[in-house]
Amino acid sequence: MDITHLRSQIPATRNVVYLNTGWSGPSPTAVVERIRDWLEFENTEGPTAPHVLEQRRGLQQDAREAVARLLNASPDEIALTQNTSEGINIVLNGMTWRPGDELITTNLEHSSGIVPCYYLASRRRVRLKIVDIVGVDDPSEILEKLEAAIKPRTRVILLSHVMYLTGLRLPLKGIQDMAHEHGIPVLVDAAQSVGQMPLDMKEMGCDFYSIPGHKWLLGPDGTGALYIRRDLIPQIRPYKVAHHAAADVNLHGHWRPEAESIKKFELTTTSAPLWAGLSTAIDFLQGIGLKEVQERVLYLSALAADRLGSLPGVTILSPRHPRLRSGLMTFSVDGVDPQKAVSHLWETGKIVCRSVDEPAGVRLSLDFFSTEEEIEKVVDCLKGLRQ
């Protein structure tokens with residue numbers, strides 16, 4: 001992997017030490033140019049001119065097929081969304097719930113995953129079980145904790161593939177195999193996984209997998225996708241509807257709902273330039289190779305953990321187990337508020353990162369374009385903070 005060449009294609013790396021892909025990734029120049037070219041094309045030719053409309057429809061299908069290739073899925077199992085949260089809401093609110101049904105999740109989830117669970121519990125009288133996995137550093141213990149929470153009324157397990165707080169990478173295939181033995185589907189928040197590792201929906205046995213386009217995929221904001229295994233699509237009803245949700249409709253009282261097509265979850269007008277940008281971002285990453293990306297981010301996160309962990313007063317909050325590690329690495333500094341540490345890193349080294357809560361710490365996103373020198377810069381800046 002030619003890091004220098006790849007960094008030359010990501011302008012942000014020339015101006016800052018960007019360690020916050022887990023919030024929003026810096027797009028390669030090719031992505032921005034594709035979006036700009038499409039905006040100019042629509043503006044010059046007219047957005048509804050016949051030849052423009054035809055190409056707009058093609059861009060949306062291109063994006064669907066690009067996501068399908070990325071996930072080793074069929075395009076008819078991919079719904080295009082605006083973000084991860086939309087996909088989570090589609091599944092949770094599209095299931096049939098009865099009072100007393102149970103939903104299992106964990107205490108390391110993002111608020112955009114846990115808040116839909118709270119609303120579901122409030123509106124449908126569903127019982128929510130939150131499994132404590134903070135500090136767990138053993139894949140088998142995670143499986144045991146989740147399996148112990150399963151009861152006869154459990155309907156679904158919702159969890160993140162990679163936890164945004166600590167970078168804990170769950171043993172997802174093992175969890176899904178275990179859940180399927182109990183006849184329970186798994187809904188995955190993939191906000192922190194897609195784009196930093198190879199993914200195969202078939203091999204992992206995924207049921208529902210919701211992804212964003214703007215984080216590790218390095219695509220534009222406002223793009224995402226939801227994978228639903230083909231045989232599960234009829235079981236999920238759209239909770240927001242437009243013409244795609246009707247198989248047949250007229251203005252005289254006749255309509256028939258769409259059940260089989262994944263497009264029933266999609267509304268109407270979306271941005272063709274953004275879908276063009278997402279396709280370009282996926283092509284960029286696949287040109288590098290997701291296996292190579294994963295090897296790089298795991299190497300960098302391990303290096304960062306070792307270097308920062310050697311500093312007095314610094315505690316690594318991310319997993320040490322190699323099977324549970326990811327490109328996210330979180331640490332705390334004794335006696336220093338995490339937000340103060342984040343501000344110090346920016347002011348002294350133009351280092352872009354973020355703070356997290358529960359456990360409170362500073363989170364670094366080590367992507368393939370990050371360097372060993374940037375990690376050393378973090379170390380040096382933190383030495384100044386402790387003085």
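User: What makes helix H7 a helix that lies across strands S5, S6 and S7?

Analyst: In this predicted model, contact means heavy atoms within 4.5 Å. Helix H7 (residues 172-181) lies across S5, S6 and S7, and its direction is at about 160° to S6.

User: How do you know that S5 and S6 count as paired strands?

Analyst: Pairing needs at least two bridges between the strands. Strand S5 (residues 154-160) and strand S6 (residues 186-189) are joined by four bridges, so they qualify, and they run parallel. As an example, Ile157 has Val186 in S6 as its bridge partner.

User: Which sheet do these strands belong to, and why are S2 and S4 called edge strands?

Analyst: Both sit in an open sheet of seven strands with mixed pairing, ordered S2-S8-S7-S6-S5-S3-S4. Strand S2 (78-81) and strand S4 (127-131) each have a single partner strand, so each has one side without a neighbour in the sheet. On average, neighbouring strands of this sheet are turned by 20° against each other, direction ignored.

User: Which strands does H3 lie across?

Analyst: H3 lies across S2, strand S7 (208-212) and strand S8 (224-228), running at about 120° to S2.

User: How do you know that the length of H3 agrees with what a helix should span?

Analyst: Helix H3 covers residues 50-71, which is 22 residues. At 1.5 Å a residue it should span 32 Å, and its end C-alpha atoms are 32 Å apart, so the two values agree.

User: Which residues of H3 are buried?

Analyst: The cut-off for buried is under 20% relative accessible area. The buried residues of H3 are Val52, Arg56, Leu59, Ala63, Arg64, Ala66, Val67, Ala68, Leu70 and Leu71. As background, an α-helix has 3.6 residues a turn, so residues three or four places apart point the same way. Just after H3 comes Asn72, with a positive phi near 50°.

User: Why is Asn20 called buried?

Analyst: Asn20 has a relative accessible area of 5%. Buried means under 20%, so Asn20 is buried. Asn20 sits in the loop between strand S1 (17-18) and helix H2 (29-45). Beyond its neighbours within four places in sequence, Asn20 is in contact with Val352, Cys353, Arg354, Arg363 and Ser365.

User: What makes Glu358 exposed and Lys350 partly exposed?

Analyst: Exposed means over 50%, and partly exposed lies between that and the 20% limit for buried. Glu358 has a relative accessible area of 68%, so Glu358 is exposed. Lys350 has 42%, so Lys350 is partly exposed. Glu358 lies in the loop between S14 and S15, while Lys350 lies in the loop between helix H11 (338-349) and strand S13 (351-352).

User: What is notable about the backbone at Lys350 and Glu358?

Analyst: Phi of Lys350 is near 50°, a positive value in a residue other than glycine. Glu358 also has a positive phi near 50° and is likewise not glycine. In addition, the peptide bond joining Glu358 and Pro359 is cis, with omega about 0°.

User: How do you know that S14 and S15 pair, and which sheet are they in?

Analyst: The requirement is at least two bridges. S14 and S15 are joined by three bridges, so they pair, and they run antiparallel. Ser355 stands opposite Val362 in S15. Their open sheet has four strands with antiparallel pairing, in the order S11-S12-S15-S14. Strand S11 (314-316) and S14 are at its edges, each with a single partner strand, so one side of each has no neighbour in the sheet. Neighbouring strands here are turned by 35° against each other on average, direction ignored. H11 lies across S14 and S15, at about 45° to S15.

User: Why is Glu372 called partly exposed?

Analyst: Glu372 has 27% relative accessibility. Partly exposed runs between 20% and 50%, so Glu372 belongs there. Glu372 is in helix H12 (residues 372-386). Leaving aside its neighbours within four places in sequence, Glu372 is in contact with Arg296, Tyr299, Leu300 and Leu303.

User: How do you know that the radius of gyration of the protein chain agrees with a compact globule?

Analyst: For 387 residues, a compact globule would have a radius of gyration near 21 Å; the protein chain has 22 Å, so the value agrees. Buried residues make up 54% of the 387 residues.

Definitions and conventions
Residues are numbered from 1 along each chain as its sequence is written. This is a predicted model: local features need pLDDT of at least 70, side-chain atom pairs count only at pLDDT 80 or more; totals for chains, interfaces and linings use all residues. Side-chain values use heavy atoms; hydrogens and water are left out. Helices (H or I, at least four residues) and strands (E, at least two) are DSSP runs, numbered from the N terminus. The expected span of a helix is 1.5 Å times one less than its number of residues. Buried means under 20% relative accessible area, exposed over 50%, partly exposed in between (1.4 Å probe, protein chains only). Axes are lines fitted to C-alpha atoms, for helices over the stretch in contact, and angles run from 0 to 180 degrees between N-to-C directions. The radius of gyration is taken over C-alpha atoms; the globule rule is 2.2 Å times the number of residues to the power 0.38.
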